[in-house]
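User: Please take a close look at the surroundings of one bound ligand and describe them in a connected account.

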Amino acid sequence: MLMTAGEYIESLRRLNLNLYLLGEKVENWVDHPIIRPSINAVAMTYKLAHEPENETLATTNSPLTGQKVNRFAALFQSTDDLVNKVKLQRQMGQRTACCFQRCVGMDGINAAYSTTYEMDQKHGTEYHQRFREWLKYIQEKDLCVCGAMTDVKGDRGLAPSEQVDPDLFVHITERRKDGIVIRGAKAHQTGVANSHEMLIMPTLRMREADKDYAVTCAIPTDAEGITMIYGRQSCDTRKLEEGDIDVGNYSFGGQEVLVILDDVFVPWERVFMCGEIDFSIMLVERFAAYHRQSYGGCKAGIGDVLIGAAASMADYNGVRRAAHIRDKLGEMIHLAETIHACGLACSYQGWRTEAGNYQPDTLLANVCKLNVTRFPYELCRLAEDIAGGLLVTTPSEKDFRHPVLGKYIEKYLKGVADVPTEARFRMLSLIHAMSFGQIAPSYRTESMHGAGSPQAQKIMIERETDMPRKQELARIIAGIDEREDILG
Ligand code: SF4
Ligand code: FE
């Protein structure tokens with residue numbers, strides 16, 4: 001069953017989340033003005049699945065259910081599926097201009113699917129079959145899954161089991177006949193309050209002493225023992241004000257939450273790794289490759305909106321034809337398309353796992369994400385350059401609507417004669433929101449640290465590169481090693 005956007009939003013009301021925002025428990029979080037835009041962004045993933053023109057991108061047939069399912073809950077069964085995923089994410093980015101959150105679950109699902117298979121092959125466990133059953137349930141109900149990987153980590157120089165406080169990485173505190181109990185916290189959980197389920201995964205390589213930390217499992221987001229603390233975004237309280245201009249992107253937004261897991265019980269049928277330290281890093285790296293591929297979609301799509309906003313501001317300011325403006329817009333297009341090209345390239349170069357689903361090329365996925373740690377900054381810089389200083393000095397919508405002040409603003413903040421001042425005002429607000437972090441959570445910082453900080457990609461890029469071969473190539477051409485005989 002493919003839920004509609006409306007059905008999805010209603011389904012969230014049936015959850016009993018223990019969610020806090022600005023120091024207060026939120027009872028009706030679905031209609032909360034700060035939270036609702038992030039729900040709308042996820043709802044777009046449900047809307048697209050019902051659009052005939054997006055059927056190929058947004059849905060696929062599931063081998064588990066034999067039915068059409070939403071791509072955000074699906075396995076990648078070919079390189080075409082990987083390509084369609086990235087194209088879907090670009091369109092989602094274009095239509096929401098923010099993080100639409102549901103990709104983390106999709107990427108976690110695919111990483112856990114192949115890892116559980118290989119774990120069972122080696123250890124004779126039954127994780128894969130359990131995982132398939134759980135995934136079937138997710139697909140049949142069309143549920144939204146939050147991929148929960150990032151632990152709070154404490155002292156970054158210490159392994160999980162070496163921390164002064166043992167709870168700084170999620171771990172098993174009890175193994176019972178009917179299941180396990182887990183404790184810890186997951187940070188920056190994208191869209192968790194908009195999800196029905198959390199897929200808990202380990203966050204790094206584990207050693208022998210870290211056995212209790214090698215845990216993968218699924219829990220409902222309203223399970224007993226969970227506390228969610230909603231993350232701040234700059235200018236978030238603008239959403240509490242009247243009007244729709246100052247927020248920049250009124251309908252959509254991202255969501256990041258600190259999730260506390262205080263002795264949460266997980267029945268065995270929902271446990272997909274329990275102490276297999278040798279598979280922790282495989283799961284982490286496969287997930288990371290997927291999510292670094294993902295950025296080749298969403299960040300290009302969000303970039304498209306920013307480029308459109310910058311070009312519009314140039315129009316409104318009457319400078320669109322200036323050579324330097326055209327040059328800057330051209331540069332912005334180049335940056336967004338390079339991001340997308342990397343996302344597509346790693347998808348086309350994907351490979352089949354033993355379980356049968358597909359992974360993007362690891363090296364190219366990491367190159368994609370490393371570009372994303374830089375290019376959105378440059379895109380924002382250029383958009384700010386084109387927009388002008390008014391970007392950070394605009395009066396409020398309240399001033400604009402004021403019977404006396406409004407007339408001044410209308411008159412003095414006008415650009416070209418045929419564009420209403422309000423349009424200029426709205427476009428500036430959009431660029432402000434995208435650039436300064438109100439809606440994404442920031443096109444910039446999220447691009448830097450989401451899916452892993454730049455050093456993580458550099459390490460993977462180095463590891464995935466055959467440097468001895470490159471050096472051999474150089475030695476041959478330089479004549480240090482025997483030159484290739486072109487006639488031979
Ligand atoms: Fe999806 Fe991008 Fe948000 Fe990750 S950052 S969840 S890929 S929209
Ligand atoms: Fe992200």
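Analyst: The following account concerns the site of ligand 1 and the iron ion, in a model that is predicted.

Ligand 1 sits in the largest cavity. The residues around it are Cys-99, Phe-100, Gln-101, Cys-103, Val-104, His-291, Ser-294, Tyr-295, Cys-298, Lys-299 and Glu-446. Two elements, α5 (103–123) and α7, each give two or more residues to this shell. Helix α7 gives the most, with 5 residues. By character, the shell divides into 6 nonpolar, 3 polar and 2 charged residues. Both domain 1 (5–277) and domain 2 (282–468) give residues to the shell, so ligand 1 lies between them.

Two residues of this shell, Tyr-295 and Glu-446, are also the protein donors of the iron ion (ligand 2). Tyr-295 donates through OH and Glu-446 through OE, and they lie 2.2 Å from the ion. The pair links distant parts of the chain, being 151 residues apart. Tyr-295 belongs to helix α7 (residues 280–317), whereas Glu-446 belongs to helix α14 (residues 445–449). Tyr-295 and Glu-446 are both buried.

One further residue can be placed relative to this shell. Asp-81 lies in helix α4 (residues 79–96). Its relative accessible area is 8%; because this is under 20%, Asp-81 counts as buried. Cys-298, one of the residues around ligand 1, is 217 residues from Asp-81 along the chain, and the C-alpha atoms of Asp-81 and Cys-298 are separated by 16 Å.

Conventions. Residues are numbered from 1 along each chain as its sequence is written. Chains are lettered from A and ligands numbered from 1 in the order in which they are written. This is a predicted model: local features need pLDDT of at least 70, side-chain atom pairs count only at pLDDT 80 or more; totals for chains, interfaces and linings use all residues. Side-chain values use heavy atoms; hydrogens and water are left out. Donors are N, O and S atoms within 2.8 Å of the metal (3.2 Å for Na, K and Ca); water is not among the atoms, so sites may look incomplete. Helices (H or I, at least four residues) and strands (E, at least two) are DSSP runs, numbered from the N terminus. Buried means under 20% relative accessible area, exposed over 50%, partly exposed in between (1.4 Å probe, protein chains only). A residue is near a molecule or strand if one of its heavy atoms lies within 4 Å of it. On a 1 Å grid over the protein atoms alone, a cavity is a set of points where a 1.4 Å probe fits but cannot get out, and a pocket is an open set with protein on both sides within 12 Å along at least five of seven lines; lining residues have an atom within 4 Å of a point. A molecule sits in a cavity or pocket if more than half of its atoms lie within 2 Å of its grid points. Ala, Val, Leu, Ile, Met, Phe, Trp, Tyr, Cys and Pro count as nonpolar, Asp, Glu, Lys and Arg as charged, and the others, Gly among them, as polar. Domain bounds come from an automatic or database domain assignment.
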